[in-house]
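Let's take a walk through this fold, from the overall layout down to a few individual side chains. Have the viewer open as you read.

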Amino acid sequence: TWASLYTQKQGDCIVFVVANRHATKHLHIELDCGASTGLVSSRGTLTADDTLPPGHRQVLMVLTSLSKYEGYSWSRRIKYLHRAHAVSSPLQPQRADAHTPPLLGANKDLHTPYRI
């Protein structure tokens, strides 16, 4: 497969990383952790919708417990698709690195795609 999703749980932290190993196609991936409880996301929301250029990897989301003294549960739903071109919409010109939510603020570097 050309797409790899890695999920790492360490203590009260869960990290989701995706790799697009395709040489020419973009990877569009939707990660939905909306049914999770007692967790906060590094993206500011429990959902992420990203398009990675060929040969790139990205930390999609980091979930951490709201309280170390209260329990939490986590779930994930994932959809992915390789595309010949980047996703575009009437509101956003075609880009190879489309991200929702946008990669802004303190966690921008954490979630920016990097070459494999």
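What follows starts with the whole chain, moves into the core, and ends with some side-chain pairs.

First, a reminder that this is a predicted model. The protein chain has one helix and nine strands. Read from the N terminus, the order of elements is β-β-β-β-β-β-β-β-α-β, with the helix sitting just ahead of the last strand. The chain has 116 residues, and 35% of them are buried. If you look at contacts between residues at least 6 apart in sequence, 69% of those join residues at least 24 apart. As for the outside, the accessible surface comes to about 6,900 Å², and carbon and sulfur atoms account for 54% of that.

Now for the inside. The largest nonpolar core holds 14 residues, and the members touching the most others are Phe-16, Val-18, Leu-31, Cys-33, Leu-60, Met-61 and Leu-63. Strands β2 (13-20), β3 (26-32), β5 (47-52) and β6 (56-65) each put at least two residues into this core. Val-18 is a good place to see how the pieces come together. Skipping its neighbours within four places in sequence, Val-18 is in contact with Ser-4 and Leu-5, with Leu-27 and Ile-29, with Leu-52, and with His-56, Arg-57, Gln-58 and Leu-60.

Phe-16, another of those well-connected core members, is buried, because its relative accessible area is 0%, under the 20% cut-off. Phe-16 also takes part in an aromatic pair, and the count for such pairs comes to one. Its partner is Trp-74: the ring centres are 6.0 Å apart and the planes meet at 65 degrees, so this is an edge-to-face arrangement, which requires over 60 degrees. The two residues come from distant parts of the chain, 58 residues apart, with Phe-16 in strand β2 and Trp-74 in the loop between β6 and β7 (77-83). Is Trp-74 buried or exposed? Neither, quite: Trp-74 is partly exposed, because its relative accessible area of 33% falls between the 20% and 50% cut-offs.

What about the cysteines? A search of the whole structure turns up zero disulfides. Cys-33, one of the core residues named above, is buried with a relative accessible area of 0%, whereas Cys-13 is partly exposed at 21%. That value puts Cys-13 outside the buried class, because buried means under 20%.

Next, pick out Tyr-6 in strand β1 (residues 3-10). With a relative accessible area of 41%, Tyr-6 is partly exposed. Leaving out residues up to four places away in sequence, Tyr-6 touches Val-15, Phe-16, Val-17, Ala-19 and Arg-21. With Arg-21 there is also a polar contact, side chain to side chain, at 2.7 Å. Want a distance to check in your viewer? The C-alpha atoms of Tyr-6 and Leu-60 are 10.0 Å from each other, while along the chain these residues are 54 residues apart.

One last stop is Thr-51, which lies in strand β5. Thr-51 counts as buried because its relative accessibility is 1%, under the 20% cut-off. Its side chain does have a polar partner: the side chain of His-28 makes a polar contact with the side chain of Thr-51 at 3.0 Å.

Technical notes: Residues are numbered from 1 along each chain as its sequence is written. This is a predicted model: local features need pLDDT of at least 70, side-chain atom pairs count only at pLDDT 80 or more; totals for chains, interfaces and linings use all residues. Side-chain values use heavy atoms; hydrogens and water are left out. A nonpolar core is a set of buried Ala, Val, Leu, Ile, Met, Phe, Trp, Tyr and Cys residues joined through side-chain atoms within 4.5 Å. Buried means under 20% relative accessible area, exposed over 50%, partly exposed in between (1.4 Å probe, protein chains only). Helices (H or I, at least four residues) and strands (E, at least two) are DSSP runs, numbered from the N terminus. Contact means heavy atoms within 4.5 Å. A polar contact is a pair of N or O atoms within 3.5 Å; within protein, one must be able to donate a hydrogen and the other to accept it, and residues adjacent in sequence count only if both atoms are side-chain atoms. Accessible areas come from the Shrake-Rupley method with a 1.4 Å probe; for residues, only the protein chains shown count as cover. Rings of Phe, Tyr and Trp (its six-membered ring) pair if their centres lie within 6.5 Å; planes under 30 degrees apart count as stacked, over 60 as edge-to-face and the rest as tilted. A disulfide is a pair of cysteine sulfur atoms within 2.5 Å.
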